[in-house]
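These are my notebook entries on a structure I looked through today. I set down each look-up in turn, with what I found.

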Amino acid sequence: MEESRKLRVSPFPQQQEKPFALITYLYIGHFLARWGARMWEFSVGLYMINIWPDSLLYAAIYGAVESASIAVFGPIIGRLVDKLSCVKVLQLWLVTQNLSFVIAGATVVALLTFSSLKFTNFSAFILLVLIINICGGIGVLSTLAGTILIEREWLLVISEGQPPEMLTKMNSVTRRIDLTCKLLAPVITGFIISFVSLRVSAIALALWNTLSVWVEYLLFTAVYNGIPALGQSSQRRMERLLILNDQESNESTLEEDSLLSVTDDNLELANRKCSKKISEKISEIPYVAAWRGYLEQEVALPGLALALLFFTVLSFGTLMTATLEWEGIPAYVIGIARGISAVIGIAATVIYPILQSHISSVRTGLWSIWSQWTCLLPCIAAIWIQNSFLSSYILMGGVAISRLGLWMFDLSVLQQMQDLVSESDRLIVGGVQSSLQSSMDLLAYVMGIIISDPRDFWKLTLLSFLVVTLAAFLYCMHVYRVRKHIFHFHYLFCGKCFVRTS
């Protein structure tokens, strides 16, 4: 009865036109924030391979630093977002993200302008490279805070009281916006790099982030102020934290009183209590508590499967981009290929709601991850092709097509987490999930540091494919645990494989 009342309560007490406009503001703000991040994500690999040619070392080190930042601090960021009000999170996210990319872009301009610095003043060269790495790490952490806030809280709060399809649609639209930025930003940046210069692209990046931060803040604050449910959700979090702090304070006082009344007869009991208290204190450390809460979730296994997909070089990330550049593939061609992969990813956001409405999120994830695995098979075949240009184009094609399965699987796991994780845990779980994904991303970059010769990129390709295979089997285990079977084989032969079942 209480659930039915909750479903009838809408976060939009006003007329429906206003929420539609506010949701549009949310999408525009998300687009502006993601555009700057995607510009930097594409460009940084090209900057690093030009700063130190014939080696993936600096590109791999940057990727490792970026991934390690989220791997180490991701759970803490999740808890920080949970403890701060929405307004403070917005301010920290937008200011630190845009300022970091501005400083990083200016530093790249300095390195490209004084290209002989690594020979004339190596200490200054290393200092500038260090600044780029630090700014990149801070930038991705602030981006993570914004992603957790929008995807793990705002979308759920806005969709409360609405038909279930609304959350699926909003998830798809936000992912489509991200992939559109992934499509257009590299293409435009690639043309600037190829037909103007790397230096101009870095200046354009810095200018974009300088100007867009103000618009983003106005749009997001308009959404927050215009939808009362967002403020109420933030207030509930603050009240919950106050209650928890009061409870912890009272428990601590009681324990101290009991220890003061210790006698020789109950000394052993007091020692046991003290040992228990120490173990509880360790479990209450923010980092440990966040991971413990994550592992207790029903969606931990699909979350691990999704994270494993980040242990790969089979994406248009820093290492693959730098390798293609080394192979002689023009920057604009890489940008176009990355754009095509993003178009396929956008198609995934259109197909996912249709597929999910027929076969559920769990089964959509199963079909998605195995379709990704199948589409990566040409990348393995390309290892044995002697023509480097042909091999590179097959590699780009296989990776691009596989994005259809990847992004549908991503949406499937995201929606399972939104549906199954409680309100009190969802921000922290989101932080741990991002940390886990970045840990896998970090391992990929560590492998890139170990195998830094572009001629050995085939080894990284093969390893990445094996990890995708492991992720697919792990998700099969989750499906079997939830549904007690994986496929309806008798439906496959009867042409009824797309009938929704339990």
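**Cysteines.** I searched the whole structure, which is a predicted model, and found zero disulfides. I then looked at C375, which takes part in no disulfide; the nearest cysteine sulfur belongs to C379 and lies 9.2 Å away. A disulfide requires two cysteine sulfur atoms within 2.5 Å, so that separation does not qualify. I noted the accessibility of C375 as well: its relative accessible area is 22%, and it is therefore partly exposed. C86, by contrast, I recorded as buried, because its relative accessibility is 0%.

**Aromatic pairs.** My search of the whole structure for aromatic pairs returned 17. I examined Y58 and F125, whose ring centres are 6.0 Å apart; their planes meet at 65°, so I entered the pair as edge-to-face. This pair joins distant parts of the chain, as Y58 sits in helix α3 (residues 57-83) and F125 in helix α6 (residues 122-159), 67 residues apart. I checked the burial of each partner. Y58 counts as buried at 12% relative accessibility, and F125 is buried with a relative accessible area of 2%.

I next took W93 and F220. Their ring centres lie 5.0 Å apart with the planes at 45°, so this pair is tilted. W93 belongs to helix α4 (residues 86-113) and F220 to helix α8 (residues 198-226), so the pair ties together parts that are 127 residues apart in sequence. I found both W93 and F220 to be buried. I also noted one aromatic cluster formed by W40, Y47, Y62 and F101.

**Nonpolar cores.** Which residues have the most contacts inside the largest nonpolar core? I listed W40, M48, L309, F316, M320, M396 and F409, in a core of 103 residues. Helix α14 (residues 331-375) gives the most to this core, contributing 13 residues. W40 thus appears twice in my notes, in the aromatic cluster and in this list.

I followed F316 further. Leaving aside residues up to four places away in sequence, F316 touches T321, L324, I334, A337, R338, S341, M396, V399 and A400. Another core, of 38 residues, lies apart from the largest one; among its members are I23, A33, V223 and L427.

**Helix α13.** Is helix α13 (residues 318-326) enclosed or open? I recorded helix α13 as largely enclosed by the rest of the structure, because seven of its nine residues are buried. The buried residues of α13 are T318, L319, M320, T321, A322, T323 and L324. T321 and L324 are also among the residues that F316 touches. Just after α13, I noted that G328 takes a positive phi of about 100°.

**L141.** I placed L141 in helix α6, the helix that also holds F125. L141 counts as buried because its relative accessibility is 15%. Not counting residues up to four places away in sequence, L141 touches S69, I70, F73 and I77. I last compared L141 with S434: the two are 293 residues apart in sequence, and their C-alpha atoms are 10.0 Å apart in space.

Methods. Residues are numbered from 1 along each chain as its sequence is written. This is a predicted model: local features need pLDDT of at least 70, side-chain atom pairs count only at pLDDT 80 or more; totals for chains, interfaces and linings use all residues. Side-chain values use heavy atoms; hydrogens and water are left out. Buried means under 20% relative accessible area, exposed over 50%, partly exposed in between (1.4 Å probe, protein chains only). Rings of Phe, Tyr and Trp (its six-membered ring) pair if their centres lie within 6.5 Å; planes under 30 degrees apart count as stacked, over 60 as edge-to-face and the rest as tilted. Helices (H or I, at least four residues) and strands (E, at least two) are DSSP runs, numbered from the N terminus. A nonpolar core is a set of buried Ala, Val, Leu, Ile, Met, Phe, Trp, Tyr and Cys residues joined through side-chain atoms within 4.5 Å. Contact means heavy atoms within 4.5 Å.
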